[in-house]
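Q: Please take a close look at the largest pocket of this predicted model. What is the make-up of its lining by class, and which residues and elements contribute to the lining? Please add how helix 2 and helix 3 pack.

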Amino acid sequence: MGRIIYTETPGKTRHHYRRSIAEMLRRLSQKDRIDDEAKDQAALIVLCLQGMADTVDQTVRAWENRDYWMKAEHFRREWTWLDPMADRLGTLIYEERWDELPGMLAKLAPHFRDVTVKRMTRSKSFWQGAYDKLMKG
């Protein structure tokens, strides 16, 4: 029997989320008002941040199993901003404080400045329904 090879690693998943968030940040920065599409895009950012936090935990667990404690702790510290940012943005969306959204996105943007978006690759179907999904929990 052969080895099981996982092609979808936490790092690849995290990269996918980072790219999606960077694209949503660009799309939201081009909007002049908060419409249903903007709500879906903002909610998608929260869902991606939560997903990224899960990948950090998976990576750290794997390193801790190999006794790479210092590497795991350094990596965990590097991503400590994820959960608080997801919580703050999620709360803003739950409470419908849309006037605060641009400021929150401005705080989030520096974490994604290293992600280059040369062209938009996510279609509308990618973020449609994200607001409802987030509101349902």
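A: By class, 13 nonpolar, one polar and five charged residues make up the lining of the largest pocket in this predicted model. The pocket has a volume of about 300 Å³. Its lining comprises 19 residues, and those closest to the pocket centre are Leu 25, Arg 26, Leu 28, Ser 29 and Leu 105. Two or more lining residues come from each of helix 1 (10-29) and helix 5 (101-108). Helix 1 gives the most to this lining, with five residues.

The packing of helix 2 and helix 3 is a separate topic. Two packed helices are described by the angle between their axes and the distance between the axes. For helix 2 (residues 36-65) and helix 3 (residues 69-78), the angle is about 165 degrees and the axes lie 8 Å apart. Angles over 145 degrees count as roughly antiparallel, and helix 2 and helix 3 are therefore roughly antiparallel to each other. Their crossing is left-handed. On the helix 2 side, the contact is made by Val 56, Thr 59, Val 60, Trp 63 and Glu 64. Helix 3 takes part in the contact through Trp 69, Lys 71, Ala 72, Phe 75 and Arg 76. By class, the contact of helix 2 with helix 3 has six nonpolar, one polar and three charged residues.

Conventions: Residues are numbered from 1 along each chain as its sequence is written. This is a predicted model: local features need pLDDT of at least 70, side-chain atom pairs count only at pLDDT 80 or more; totals for chains, interfaces and linings use all residues. Side-chain values use heavy atoms; hydrogens and water are left out. Axes are lines fitted to C-alpha atoms, for helices over the stretch in contact, and angles run from 0 to 180 degrees between N-to-C directions. Helices (H or I, at least four residues) and strands (E, at least two) are DSSP runs, numbered from the N terminus. Angles under 35 degrees count as roughly parallel, over 145 as roughly antiparallel, 65 to 115 as roughly perpendicular and the rest as oblique. A crossing is left-handed if the near helix is turned anticlockwise from the far one by less than a right angle, and right-handed if clockwise. Contact means heavy atoms within 4.5 Å. Ala, Val, Leu, Ile, Met, Phe, Trp, Tyr, Cys and Pro count as nonpolar, Asp, Glu, Lys and Arg as charged, and the others, Gly among them, as polar. On a 1 Å grid over the protein atoms alone, a cavity is a set of points where a 1.4 Å probe fits but cannot get out, and a pocket is an open set with protein on both sides within 12 Å along at least five of seven lines; lining residues have an atom within 4 Å of a point. Grid points are joined across faces, edges and corners, and a volume is the space filled by probe spheres set on the points.
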